[in-house]
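Work through the exercises below with the sequence and the model open. Each task is followed by a solution in steps.

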Amino acid sequence: MEKKQFELFDQVALIKTSFIKDGWATVYQSNKAEVDTQIYCNIVHDEYLTEYLDHHNWMIEPGREGRPSIISRGGQQSSYHAFSENGIEPFLYYKFFTHNKEKYIDVSEEFINYFHLYETGSSKQNRTYFFTDENGDLEEAIKIEAELVQVKLRFLMEYISVRNVHFTVCFDFMCMSSEKLSSFGLEEKYVPFNDEHTHYTHLIRVLPFTGAGELQSWIHGKVIIKNMESRRHSYWFDAGSEDFASFIIGYDQAGDLDKVSSDSEEHKFFTLTYFSKTVLDKYYNNPDKYKVSGYCGREDARNYIFVLDLLDKFTKRAPASEIEPLINSFQDGVMTYSAWNPSDTALSWAGLRNTELMNWNLLAEKLGTLTVNLNELSWFEPGMVIEEYLLKIYSSSRSILNKKHGHGIDQLFQPGIRERMADQYTQVYLLEEWLKKKPEHELWPIAQELKLQIASFKAAQPSGNEQGTTTLSNVVPAVAKFDGKEKTEFQNFIAAYIQTNSASTSKNVVTVFEKICDQLTEVPSFNDAEVKLSFQTILYQSLVFLKLRMDHTKKNHPAMGYLFKSSKNALESALQEDYYTYMSAQPALGDLQTETMDVASGRADVSFNFGSYRIFTEVKREIDDCSFDNLCKLYLGQVMEYGNTSAKLGILLVLDLTDKSHGVGSFESQVKHQISSAPSDQEKRGVVIIKVPGNRVTPSAVKKSQYTTQIRN
């Protein structure tokens, strides 16, 4: 980790912008990555502003908006209040429910009703509010995603101004590191920052309670967006009057479109202007009625239109079938342009346009090949793909167009490349192998950067504990999807993976694994080569999961706290989430999902999807009797039922909350397999039962009577 990142340098710069960019204000954001980010917002009344800026507390937080509230003060009778805090009110509402796993953000109805906003979207987590102007054209006013909410600044400024209130964007940024402070050249500090718009504190310290010397860099505070007195009596429904046509040249400080009149004396020469998005949309959305083109008889202009369309298609992950025609059209256009506009070698500047088009032509050719490669499960010649296409496109602004790396079109390509490769574990493996073999290659730093960004992207993805959610995609595609050549690549990966991990596998795990697999041969599904490999992979990782949970301490692994004795019994969902999080990080486990509906007319806790078949893990908890006989009696039928239309193999994972004062028992005693068949169906089915010991105490607290002691003379 770099010093700038740990010091939250970029986040401080973001605070200085008041979270405003290109006419939009970010009013909510929540994500966990290398820098945990939480952004929220509130409305602050004018008379309370000075007091509110005296401290860095938010007062209102997501999920605790306090609208409405029942409040009792000083022993008085409880009473109803529209807001829980004086002088402050929520603008967003974080909605969650006790018996429904759906979560989403709602926006103040007063704001929506004031502008008569129209809502549309595919779900509560992905929707947009539109403002309708006097011409009937739609303009985006609010954009809502699962972890991001943005409001167009011009609407926000009008709203707070006509109400004579102010808007606060609250923020919390935290970065953790296992480095030493001295390696950053820093010392522990607590720095408050306060001016007329901003109040926050920046804390850098060694955490005292982890025992591992972990570092924390933490910024917590808020920034005020004040209303504008000039806008307090300016309303969206006021009729406007303009004697001359005006043109858009950007955004002003209030978030309104910055326009210049056609009779302006200030802009006498060429000035970059923009079309209104609503105007363009009206034409683009009616292709039968209108044709939009930037081509006015100039082949170079037509070529740039192809380039822009090509860049747009690639960043949106369009298939090769849509990209290839664009590349062919562009290459034809380049040839036509070159034929009609030969470069004059005597005038160096006259050939610049030709050179630029040749560079774009090279980029388009490589982009087309890379699109095909990124959709393949493996690469026949990985060295050529990585060196000639992947890394050169990933760093295209530097190595193709000779621009400064990180400030050009590479910023368009990089998100799409790392997202696609995160889907293909085999491609990541080939990249890692290339890094090991080519440390002296000039593109090695680019490859290392790509590897780290893929890992960062995958780490930032949701844990998948929402109902019906799915991981980004398969970590490694199902074996059934490989043809002969691709399967060889996959087997190479498996061989390397086994070589790396088998030496460190516990003998207990190996013994139990072999015993179960030997006896599962009675189950027909287990004798199918593809199903067998899939189930063995799930079984192996489940056994390793059990071993780690039996070994880990609460001190070194706080997330394991649910396995130790406390005043309240842990919930079944704690084990399910822990199991899902662990398994989603392991290779070759198919498409991993939780709370999958429509399985044997029910809902399965964890499912591993391999295309033509699925394997399920059912998660339970038991407080009173966790004997295998009782678990079979209670839950075996349910697990077997999930295999009605798929592989006749499954896992029953049970959180054992019975008394552990005499110890938890051996690893081997926690696992048992059961081979059974339904009364109406004689086909044998196999279920592996794994008990994860909970309600545990430390070894020093285990009572001695658990063990038989022999004293020898």
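The exercises go from the whole chain to one helix, the cores, the cysteines and three loop residues.

This is a predicted model, in which local features need pLDDT of at least 70 and side-chain atom pairs count only at pLDDT 80 or more, while totals for chains, interfaces and linings use all residues. Residues are numbered from 1 along each chain as its sequence is written, and side-chain values use heavy atoms, with hydrogens and water left out.

**Exercise 1. The whole protein**

Task: Describe the protein by its secondary structure, burial and contacts.

Solution.
- Step 1. The protein has 20 helices and 24 strands; helices (H or I, at least four residues) and strands (E, at least two) are DSSP runs, numbered from the N terminus.
- Step 2. Of the 713 residues, 43% are buried. Buried means under 20% relative accessible area, exposed over 50%, and partly exposed in between, with a 1.4 Å probe and protein chains only.
- Step 3. Take contacts (heavy atoms within 4.5 Å). Among those between residues at least 6 apart in sequence, 65% join residues at least 24 apart.

**Exercise 2. Helix H20**

Task: Compare the span of H20 with the expected one, then locate its kink and its packing partners.

Solution.
- Step 1. H20 covers residues 628-641, which is 14 residues. The expected span is 1.5 Å times one less than the number of residues.
- Step 2. From first C-alpha to last, H20 reaches 18 Å, close to the expected 20 Å.
- Step 3. A kink of about 55° is centred on Tyr-635. The bend at a residue is the angle between axes fitted to the seven residues ending there and the seven starting there.
- Step 4. Tyr-635 is itself buried, as are Phe-628, Asn-630, Leu-631, Cys-632, Leu-636, Val-639 and Met-640.
- Step 5. The buried residues of H20 pack against strands S21 (614-622), S22 (649-656), S23 (671-678) and S24 (681-693).

**Exercise 3. The nonpolar cores**

Task: Find the largest nonpolar core and follow one of its residues.

Solution.
- Step 1. A nonpolar core is a set of buried Ala, Val, Leu, Ile, Met, Phe, Trp, Tyr and Cys residues joined through side-chain atoms within 4.5 Å.
- Step 2. The largest has 59 residues, and Leu-117 and Phe-167 are among those with the most contacts inside it. Strand S13 (residues 165-177) gives the most to this core, with 7 residues.
- Step 3. Another core, of 44 residues, lies apart from it and includes Val-509, Leu-575, Tyr-579 and Tyr-613.
- Step 4. Beyond four places in sequence, Leu-117 touches Phe-111, Ile-112, Tyr-129, Phe-130, Phe-131, Ala-141 and Ile-142.

**Exercise 4. Cysteines**

Task: How many disulfides does the structure hold, and are Cys-175 and Cys-632 buried or exposed?

Solution.
- Step 1. A disulfide is a pair of cysteine sulfur atoms within 2.5 Å; the structure holds 0.
- Step 2. Cys-175 counts as buried because its relative accessibility is 0%. Cys-632, at 17%, is buried too.

**Exercise 5. Three loop residues**

Task: Place Leu-8, Ser-18 and Glu-668 in their loops.

Solution.
- Step 1. Leu-8 lies between helices H1 (3-6) and H2 (9-16). Its phi is positive, near 60°, in a residue other than glycine. Leu-8 is buried at 0% relative accessible area.
- Step 2. Ser-18 sits between H2 and strand S1 (20-21). Ser-18 is not a glycine either, yet has a positive phi of about 60°. Its relative accessible area is 16%, so Ser-18 is buried.
- Step 3. Glu-668, between S22 and S23, is partly exposed at 35%. Glu-668 is in contact with Asn-508 and Val-512, leaving aside neighbours within four places in sequence. Val-512 is 156 residues away in sequence, with a C-alpha to C-alpha distance of 6.7 Å from Glu-668.
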